[in-house]
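Colleague: Please take a close look at the aromatic side chains of this model. I should like one connected account of how the rings are arranged, and of the packing and backbone around them.

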Amino acid sequence: MSVMTTNTNASTKTIEERLDRIEQLNESIVVALNKKKKHNIMYGLEDENEERGNWSGRFDFFLSCLGYAVGLGNVWRFPYLCYRNGGGAFFIPYVIMLVFVGMPIFFLELSLGQFSSSGPLTCWRYAPLFQGVGVGMVAVSAMVAIYYNMIIGWSLYYLFASFTSELPWTNCDPEWASPMCLDFVKKADSPAECHFKLLQVNTTSGTCYDFNGTLRYIYDLALAKEHGIERKLPSEEYFERKAIGNGFSEGLQDLGPIRWQMVLCYLLAFILVVMALSKSIKSSGKVVYFTATFPYIVLIILFVRGLMLDGHREGIKFYITPDMSKLSDSAIWKDAAVQIFFSLSASWGGLIALASYNRFHNDCLRDAIAVSIGNCATSVFAGFVIFSYLGNLSLNLGVPIEDVARSGASLAFTVYPYAVTLMPASPFWAIIFFLMLLTLGVDSQFVLVETVTTALMDRFPKLREYKLLTVMILCCIFFLLGLTLTTNGGIYMLEVMDTYSGGWNIMFIALCECLSICYVYGIRRFLVDIETMIGHKICGFCPFFMCKYWWALNWCALTPIGVAFIMIFSWVKYTDMEGDEFPEWSDVLGWMMTLTVIVAIIGGAIVALATGEGSLGNRFKQACTPTVEWGPALVKHRKLVEKYVPNYVVDPWGKEAQSGGNVSPNDIALQMSFNNSYNPITEKEIYRKKSE
């Protein structure tokens, strides 16, 4: 009897111990779940990588990439390049460069960032010899972020100025306009009209003056232009003499005083960035739902309105009429490649930073194709919108379209604002146009600042505990460094930075990316890495093996050749900054920006070799060999790499040992109802109910 009692007690004790262990595990599950935000659990969007965080959803990442790629250059640079390079004929080299240069670089960077879950500063563990490339990327993003935010500041200034019953640049105001403003110098039909008004006629320049020697009329616009006499739009005078003040500056050598209006707008632009990045990608990923989609709504509205204007047919015809003879000019191919390169924002580090927050098995190839095509389609569509208004402006001013088709700030802040004044309810159209410019700029600016922030937090992980403070300090530094942009001559500094900070150097970065992946790390292993992430099928139906060799061909040969062609052509056709506004030292300043990136790349390679062990040959071999930390960030994903990489270290950080067998939130998968909250029932309670 006592024996039976003893056995029963032992059995009961064993069962109790097991049930206690089960209950402890369930408690671990509850603790893990409590670490998650309720809405994340409900929608199955919990972070896969708790340390760095992930996008709340795939659409957040897609819109962030699209907003980063689609920027101000799509609206004000692409249409001008079409005009300058044969209209519709420009589409041919543009598409070719998209396929062979743009999309391969775009896909390579998304794959690299997603596979390593690392930003541009730390993703080079596959080949430490190229670690300086990451430093160069961060430097490029930082320099571009400084001047790009000033353009956002201009958009804010014009947006505030548009909230009025009559746009301030509708007419020439003597308070800020020069004597050459459009309202002060009229267009005469002939010299006879000038004689009738008792004016002196200058047949050499096609102009008419009063007895005080003041220019009053121009009867031959072409002849006057040949003699350097040209009327200015009220919007141009407003931009130069009222808004940014470059009309009072002789050039970069004469920056002049800081304009407090521009300082406030510049500061407000950075405040918007800090607010959007207050919770890193968790907040910016929601902001882009508006900033990335609103420009498309505005473009469609503006296009419909543009089709109702007189002269729109001539403008669109001018835009798309092909001049096939231009295809024999090497300049058109260079312009197409550069536009693709800059339009997609490739090799700036932003794509790697965005992709590093993806979940490991996200289909980055699908995203790369969709964003690349969407970005270029946006450029083409924006051309139709802009030239419909340029056609109307040409008709109203009585000048050829090529005289109003300009690039850069002239198109966005002078030509189009004046075209808006010719429309009914002009303040409304001005407001939505500058809202579009604002949203086009800010989502690109978000990524530029996030790129630098991500790089710093990856390099110094403790900063992740102070994300908001890090962003605020970074934006304060950028703001102080960019104060020269708020002076009268700030636009000349902006042009130097735009020309040199993201020019030849990013082509060198792209070349390093392709060479390091293909010929140092190994293209075959990289393709297997990608297939491990996205699976055997892409877009849900197409086998990856059917296209992977196409990407390999591009990365190993076609893309580097294309990039090298652009670099060489840029050297051959290199010209200094033109105009009296840019002294000789302007190019020296610009090349210092460019060489900062090049020195960082070379310096990174020297550091990798200097910190190695053994002979120079051994050090070079070590610098070209992946480090033990290279690969996915999570142990469960590194186990997938172990299957095809011999001697691969699955857990170099000892994470599994540190976890002590506790349940990780990343390993919990729940099937939940949207209407029911999680209320776990322990195995111990189930057993007791069955016993009863």
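**Rings and their surroundings**

Modeller: The charged end of Arg459 is placed over the ring of Phe460, at 5.1 Å from the ring centre. This description, like everything that follows, rests on a predicted model.

Rings also pair with one another. With a limit of 6.5 Å between ring centres, 52 aromatic pairs are counted. One of these pairs is formed by Phe565 and Phe569, whose ring centres are 6.0 Å apart and whose planes meet at 35°, so the pair is classed as tilted. That angle falls in the tilted class because stacked planes are under 30 degrees apart and edge-to-face planes over 60. Both residues belong to helix α23 (residues 548-572), where a spacing of 4 residues corresponds to about one turn of the helix. Their exposure is not alike: Phe565 has 32% relative accessibility and is therefore partly exposed, whereas Phe569, with 12%, is buried. The dividing value here is 20%, under which a residue is called buried.

Elsewhere, ring pairs join up into a cluster. Its members are Trp154, Tyr157, Tyr158, Trp169, Trp176, Tyr238, Phe239, Tyr389, Phe413, Tyr416, Phe433 and Phe434. Trp154 and Phe413 also connect this cluster to the wider packing, since both are listed, with Leu302 and Trp555, as the residues that touch the most other members of the largest nonpolar core. That core holds 198 residues, and helix α7 (residues 131-161) gives it its largest share, 21 residues. The contacts of Trp154 reach well along the sequence: leaving out residues up to four places away, Trp154 touches Phe239, Ile244, Met262, Ala409, Phe413, Ile491 and Leu494. Phe239 and Phe413 are thus contacts of Trp154 as well as members of the ring cluster. In soluble globular proteins, nonpolar side chains tend to be buried together.

Another core, of 6 residues, lies apart from the largest one; Cys194, Cys208, Tyr217 and Tyr219 are among its members. The numbering of these residues leads to the strands. An open sheet of 4 strands, with mixed pairing, runs in the order β1-β4-β3-β2. Its edges are β1 (186-187) and β2 (200-202), each of which pairs on one side only. Strand β3 (residues 207-209) runs antiparallel to β2 and is joined to it by 3 bridges; in one of the bridges between strands, Asn202 has Thr207 of β3 as its partner.

Helix α19 (residues 426-459) offers a second view of the interior, here through hydroxyl-bearing residues. Thr451 is found in this helix and, at 0% relative accessibility, is buried. Beyond its neighbours within four places in sequence, Thr451 is in contact with Pro120, Ser141, Trp348, Gly349, Gly350 and Ala353. Ser426 is found in α19 too, and with 11% relative accessibility Ser426 also counts as buried. Its contacts, again without residues up to four places away, are Leu167, Val420 and Thr421. Of these, Leu167 is 259 residues from Ser426 along the chain, yet their C-alpha atoms are separated by 7.3 Å.

The contacts of Thr451 include Gly350 and Ala353, whose numbers fall in the range of α16 (350-355), and the loop before that helix deserves notice. Ser345 lies in the loop between α15 (330-343) and α16, and Ser347 is found in the loop between the two helices as well. Each has a positive phi in a residue other than glycine: near 55° for Ser345 and near 70° for Ser347. Most residues other than glycine have a negative phi. Both serines are also buried, Ser345 with a relative accessible area of 5% and Ser347 with 0%.

These details belong to a chain of 28 helices and 6 strands. Of its 692 residues, 54% are buried. Among contacts between residues at least 6 apart in sequence, 78% join residues at least 24 apart; the pairing of Ser426 with Leu167 in contact is one case, at 259 residues along the chain. On the outside, the chain exposes about 30900 Å², of which carbon and sulfur atoms supply 62%.

Methods: Residues are numbered from 1 along each chain as its sequence is written. This is a predicted model: local features need pLDDT of at least 70, side-chain atom pairs count only at pLDDT 80 or more; totals for chains, interfaces and linings use all residues. Side-chain values use heavy atoms; hydrogens and water are left out. Buried means under 20% relative accessible area, exposed over 50%, partly exposed in between (1.4 Å probe, protein chains only). Contact means heavy atoms within 4.5 Å. Accessible areas come from the Shrake-Rupley method with a 1.4 Å probe; for residues, only the protein chains shown count as cover. A charge sits over a ring if NZ of Lys or CZ of Arg is within 6 Å of the ring centre and within 35 degrees of the ring normal. A nonpolar core is a set of buried Ala, Val, Leu, Ile, Met, Phe, Trp, Tyr and Cys residues joined through side-chain atoms within 4.5 Å. Two strands pair if DSSP finds at least two bridges between them.
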